[in-house]
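Here's a quick briefing to read alongside the structure. Have the model open and rotate it as you go.

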Amino acid sequence: MLEHDGTVKWAVNPAIHENWGGQPSVGDVDGDGIPEIGVVSRNNYNLCRADGTIRWSRAITEQTSGQGASVFFDLNNDGRAEIVYADQLKLFIFRGADGTILNQFNRYSSTAGEGPSVADVDRDGHADILIAGDIAGLPEGRGIRMYSGANLNWANTRAVWNHDAYTITNINDDLTVPLSPRPNWLVPGLNNFRANGFIPDSSVQPNSAPDATVSLLRRLDAGLPASTALIARLGNGGAAGLPVVRAEFRNGVSGGASLLRAAYVTTTGAFSDKPLTNNTTYW
Ligand SMILES: [Ca+2]
Ligand SMILES: [Ca+2]
Ligand SMILES: [Ca+2]
C-alpha cells in the first residue's frame, strides 16, 4: 500500500503471497464502511484488512500464473460484498466476511492476468458473471460462460464492465468515457476497485424495479372497412429498465377472452403509443 507520494504505508509478508499476485480488488465485505483488499497468489486467496493484516486466506489452485483477479459485488444486496473469483479449476463465490464458499462451478483455464466480470449482461435487472476458459475438450472448457442467479435473485447492477482496472466512475452508463472521472475513493458509498454497483447518486439502485403500465386503450376505425387499429399507451413507471414484455389486446373477459393483437415491446422509461398488430415487434 502506497501513499499518494509513493512512500510505502505497509507491505504484506512475501511468504504469505509467495511472491505472486494478481490485481487487487477493493470493497467492503462487512458493511462497516472500511474497505478490504483481496489478492490472489498461487495457492491462496488472501483478504487483507485496510491495515495490511490478513483477515482470511482460502486455498486455491492457481499454480499456472498466480496472477488471477477477483471481483467484489454484493450479490444479495445486504451491504456486504461477496467475492467472485476463478482459479484453474473452479469459479468460486466467497462470502466476503470470512471466505466461506457460497457456491462453486467447474471451469478450466491455464490462467493468466484474468478474472471474472460482473455486470447485468442481458439487462434483465439482475447481475450476471462472465468467465472465460481455455482448455479444449473438457466440459466447461474453452469459451466464455455466463452465470445468472437462480430465480433471478442476484442484485441489479450496471450493464457495463469496460476494463481490468474498472472503477465504476471511469465509464458512463452510455459507454462514453468521462474526460475527468470522479475519483472513485471520494464518492460516498464507493471507495472500491474491481467492484461493480451503481454510482450512489444514480437514479437506479440495486433494489429499483421496473413498473410496466398500459393505458389509453383505443380503437381507430379510420381504415374501415378494410382495417381497424388497436392502440395502447405502454410505459415503464419504475426506476429500473424493463426487459421485453408482451402486450396483448383480448376480446372479452379474462379466462375466456380470445387474443386479438399482441406485440413484444421494450420500454426504457418513456411512454409511447404502440399500434398492436399481429407479430409486431418493437425494440
Ligand atoms: Ca469492511
Ligand atoms: Ca452480500
Ligand atoms: Ca442479468
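What follows covers the core, a sheet and a few single residues. Keep in mind that this is a predicted model. Its largest nonpolar core has 34 residues, and a run of strands feeds into that core. There's also an open sheet of 4 strands to trace.

**The nonpolar core**
- If you want a way into the largest nonpolar core, start with F73, V84, Y85, V118, A127 and A195, the residues with the most contacts inside it.
- Seven strands turn up as suppliers, each giving at least two residues to this core: β2 (36-40), β3 (44-48), β5 (71-73), β6 (82-86), β7 (90-95), β9 (117-119) and β10 (128-133).
- As a general backdrop, nonpolar side chains in soluble globular proteins tend to be buried together.
- V84 is a good one to click on: setting aside neighbours within four places in sequence, its contacts are S70, V71, F73, I93, P116, V118 and I129.

**The open sheet**
- Read the strand order as β5-β6-β7-β8, with antiparallel pairing.
- The edges belong to β5 and β8 (101-106); each has a single partner strand, so one side of each has no neighbour in the sheet.
- On average, neighbouring strands here are turned by 20° against each other, if you ignore direction.
- Zoom in on β5 and β6 and you'll find 3 bridges joining the antiparallel pair.
- Within that pairing, V71 sits opposite V84 in β6, and V71 is also among the contacts of V84.

**Positive phi in the β11-β12 loop**
- Two residues to check by eye are I168 and R194, both non-glycines with positive phi.
- I168 has phi near 70° and lies in the loop between β11 (143-148) and β12 (212-220).
- Is I168 buried or exposed? I168 counts as buried, because it has 23 C-beta neighbours inside 10 Å and the cut-off for buried is 20 or more.
- For R194, phi is about 50°, and this residue is also placed in the loop between β11 and β12.
- R194 counts as buried too, because 26 C-beta neighbours fall inside 10 Å.

**Out at S272**
- S272 is part of strand β16 (residues 272-275).
- With 11 other C-beta atoms within 10 Å, S272 is exposed, because the limit for that class is 12 or fewer.
- Pick S272 and V187 if you'd like a distance to check: they are 85 residues apart along the chain, and their C-alpha atoms are separated by 36 Å.

Conventions: Residues numbered from 1 in each chain as written. Chains lettered and ligands numbered in written order. Predicted model: local features only at pLDDT ≥ 70, side-chain atom pairs only at ≥ 80, totals over all residues. Core = buried A, V, L, I, M, F, W, Y, C linked by C-beta atoms within 7 Å. Contact = placed C-beta atoms within 7 Å. Pairing = 2+ DSSP bridges. Axes fitted to C-alpha atoms, helices over the stretch in contact; angles between N-to-C directions.
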